[in-house]
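Please work through the exercises below with the sequence and the 3D structure open beside you. Each one sets a task and is followed by a solution in steps.

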Amino acid sequence: MSQVEKKVGLLRRSSSSKKPLKEKVVLMYDEIFAKEDPSKHNPRFWDELFLMKVNLEYLESKLESVDGEEVQRIQDNINSLFHHCVQALGEEHQIKVVNALQTLCALFRGVHQKNKSASGFDIINMLMGFDKAELRMKDLMERLDSLLCGDGSESLKSLCLKLLLCLVTVTDNISQNTILEYVMINSIFEAILQILSDVSSRGQHGYDAVVLLALLVNYRKYESVNPYIVKLSIVDDEPTLDGMGMVVHHALTEYNRQYKAKEEESQGGFFSTLTTMVGNMFIADADEKLSVQTNEAILLALYEAVHLNRNFITVLAQSHPEIDMGVTSTSPTPTTPTTPLGTTPPSLDAMNNPELPLDPNLQTSNLLITFLKYASIVMQDTKDEHRLNSARLCLIILTCIAEDQYADAFLHDDNMNFRVNLHKMPMRHRKKGVDRNIPCRPLVCAVLDLMVEFIVTHMMKEFPMDLYMRCVQIIHKLICYQKKCRIRLHYTWRELWSALINLLKFLLSNETLLLAKHNIFHLALLVVNLFNMFITYGDTFLPTSNSYDELYYEVVRMHQVFDNLYCMVLRVSTNTGQWKEPASKVTHSLVNVRAIINHFNPKIESYAAVNHISQLSEEQVLEVVRTNYDTLTLKLQDGLDQFERYSEQPKEAAFFKELVRSISLNVRKNVSLNTMSQDLLLKEFSTIS
């Protein structure tokens, strides 16, 4: 028995000698795959076909089993099936519409699966006939648009979105899916916006709509004018932008809630602790069970919105007093297959429940806070490529935010104070657990906390250089804004200075190992120039004069690190080699730091000798600093408050190409039309007049 026949639904077996009977719909599929026109002997063939329950598995496997010669032989029938599917979408009988949508999905998937090496034009020709493709796809997109925008069944709208997601993700590389040219020409952008702007439809279909939009935006985005990019960049309708923000907010909130629940579960009680202790004898990484798959699709949607649409920045700061999305529909919730945490949309129950115990500050949460908490989770573990990419995307989003003047304004707004409990990586030298005593502060403090936390916790042999570069650049951009607007931020700057000095210390200790893979001088230059920013302009943005004194105290206290750095870069810059020039830049950047050390160290030693003190207290050192500023000479360094603005093309193009490929594969795996249980649909549309 062939593999295809094994998949046929059996009605009954009368005896062992007789072949099993096939379902009626399977027999009709077999007629389509025969050479003759199936409607030749049965004029009602197509009407009857769409009244039959679709056998997706059989139809897809049948398409996959067709070889090259057979394709030519049955192409007219496949074209006819496609045409009649599109026609059926306009039927009043909703059962026919459901079956047509599911059949179209099987057609798209089956034909692409069989013809992976074929050109896009060949696939279009096999599906609908190249000469009629433009008309067929125009009809299809118009009918899908009507179904999505109409007052019809919510289940049908869900099925339309699933079909579109299926169509967009049939190829691994979205830009090689030639059929999407017709989706560009016959845009469904307005239909997506309508779903997002309506409270009820957003609750039920918002997640799929946002993921679909994020994928469409990435179709040949560097090769041609993508109308979805153009249209997304100019959206200024507040309800629509708010709707998109709400969908992203709730998807990230649900992820954070699930992670927190999992974390609490892993810490519960004496027995759990004992089990963990025993388990750790056999398991290298005790925290591996908390490593959960990130939701990169929703993160990509957030990135595209922030990067392309300046109006979306306002959505980041809007408070969400409740988690309720206002969904009032009582239609059945589509069930989804079991998938890793974060890859599927939050359930309607989760979106509807205003009582979710996310954290004590839920009443003052907003999209940016939720994103920062999400980032604090995914940035903890960057040991594999998947998590590394998620952390990278989070930092790219924060880079775009840090460069935006309006975003900087609300980040630093003293009237918008929040208590943000970020997740922190468990480390041996500090207690695990959320700090309950975090004060209400401007949101920029939480961003800086996140950057400091990353810097402190990722100094390891597999050094994530790219992420460190982005972290330091984000800090620099925020300080540039503070300097420009003379904002005196009340922040624990000493924690930042300490983290940066320890980073330099790590680079020095692992010079040989790191230089084999990375240009550590570029990162060292960024760090030293951050100190130069504080030294040169700190009096304009540090909260008090005492803060400025503490900066000098930290530099002098940790002078050995800066001395060692200077010796290292001087050694490298005086030798010929690939690092000569970047090391030389670091040498020049250390001029003021070394001037401070060389000026204050003798004064401190003299003070200790005169007063017969073997070890000075912090207050005594600060006193020496305060009384010796007037004799300190520093050089004015140009360009400290300048930075290169973020640009996706060309630097990030390869990253986003691979990211979209990964998301497309994940969506394809998880979007199953079987998730829209046919039994539920049949019950909903049980009356056919």
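**Exercise 1: a threonine and its surroundings**

T399 is buried, with a relative accessible area of 8%. The model in which this residue is examined is a predicted one.

Task: Establish why T399 counts as buried, in which helix T399 lies, and with which residues T399 is in contact once its neighbours within four places in sequence are left aside.

Solution. Step one is to compare the relative accessible area of T399, which is 8%, with the cut-off for a buried residue, which is under 20%; T399 is therefore classed as buried. Step two is to place the residue in the secondary structure, where T399 belongs to helix α20, spanning residues 385-403. Step three concerns the side chain: a polar atom of the T399 side chain lies 2.7 Å from the backbone oxygen of L395. Step four sets aside the neighbours within four places in sequence, after which T399 is found in contact with I474, K477 and Y646.

**Exercise 2: the packing of α16 and α20**

Task: Decide how helix α16 (residues 296-308) and α20 are oriented to each other, given that their axes cross at roughly 20°, and describe the classes of residue in their contact.

Solution. Begin with the geometry, in which the axes of α16 and α20 come within 10 Å and cross at roughly 20°. Angles under 35 degrees count as roughly parallel, and α16 and α20 are therefore roughly parallel to each other. The crossing in which α16 passes α20 is left-handed. On the α16 side the contact is made by E296, L299, L300, L302, Y303, V306 and H307, and on the α20 side by H386, N389, S390, L393, C394, I396, I397, C400 and I401. Sorted by class, this contact of α16 with α20 has eleven nonpolar, four polar and one charged residues.

**Exercise 3: the packing of α28 and α30**

Task: Apply the procedure to helix α28 (residues 559-573) and helix α30 (residues 591-610), which pack at an angle of about 130°, and name the residues that make the contact.

Solution. The axes of α28 and α30 are 10 Å apart, and the angle at which these helices pack is about 130°. That angle makes α28 oblique to α30. As for handedness, the crossing of α28 and α30 is left-handed. H559, F562, D563 and Y566 of α28 meet V593, R594, I597 and N601 of α30 in the contact, and by class the contact of α28 with α30 has four nonpolar, two polar and two charged residues.

**Exercise 4: backbone features in loops**

Task: Locate R220, H612 and P650 in the chain, and state what the backbone does at R220, at H612 and at the bond from Q649 to P650.

Solution. R220 is placed in the loop between α12 (199-217) and α13 (227-233), and its phi is near 45°, a positive value in a residue other than glycine. H612 is found in the loop between α30 and α31, with a phi near 55°, again positive in a residue other than glycine. The relative accessibility of H612 is 72%, so H612 counts as exposed. P650 lies in the loop between α31 (618-626) and α32 (653-670), and the peptide bond leading from Q649 to P650 is cis, with omega near 5°.

**Exercise 5: the chain as a whole**

Task: State how many helices and strands the chain has, and what share of its residues is buried.

Solution. The chain has 33 helices and two strands, and 55% of its 689 residues are buried. Among contacts between residues at least 6 apart in sequence, 79% join residues at least 24 apart.

Notes. Residues numbered from 1 in each chain as written. Predicted model: local features only at pLDDT ≥ 70, side-chain atom pairs only at ≥ 80, totals over all residues. Heavy atoms only, no water. Axes fitted to C-alpha atoms, helices over the stretch in contact; angles between N-to-C directions. Helix = DSSP H or I, 4+ residues; strand = E, 2+ residues; numbered from the N terminus. Parallel < 35°, antiparallel > 145°, perpendicular 65-115°, else oblique. Left-handed = near helix turned anticlockwise from the far one by under 90°. Contact = heavy atoms within 4.5 Å. Nonpolar A, V, L, I, M, F, W, Y, C, P; charged D, E, K, R; others polar. Buried < 20%, exposed > 50% of the residue type's maximum accessible area, 1.4 Å probe, protein only. Polar contact = N/O pair within 3.5 Å; in protein donor to acceptor, adjacent residues only side chain to side chain.
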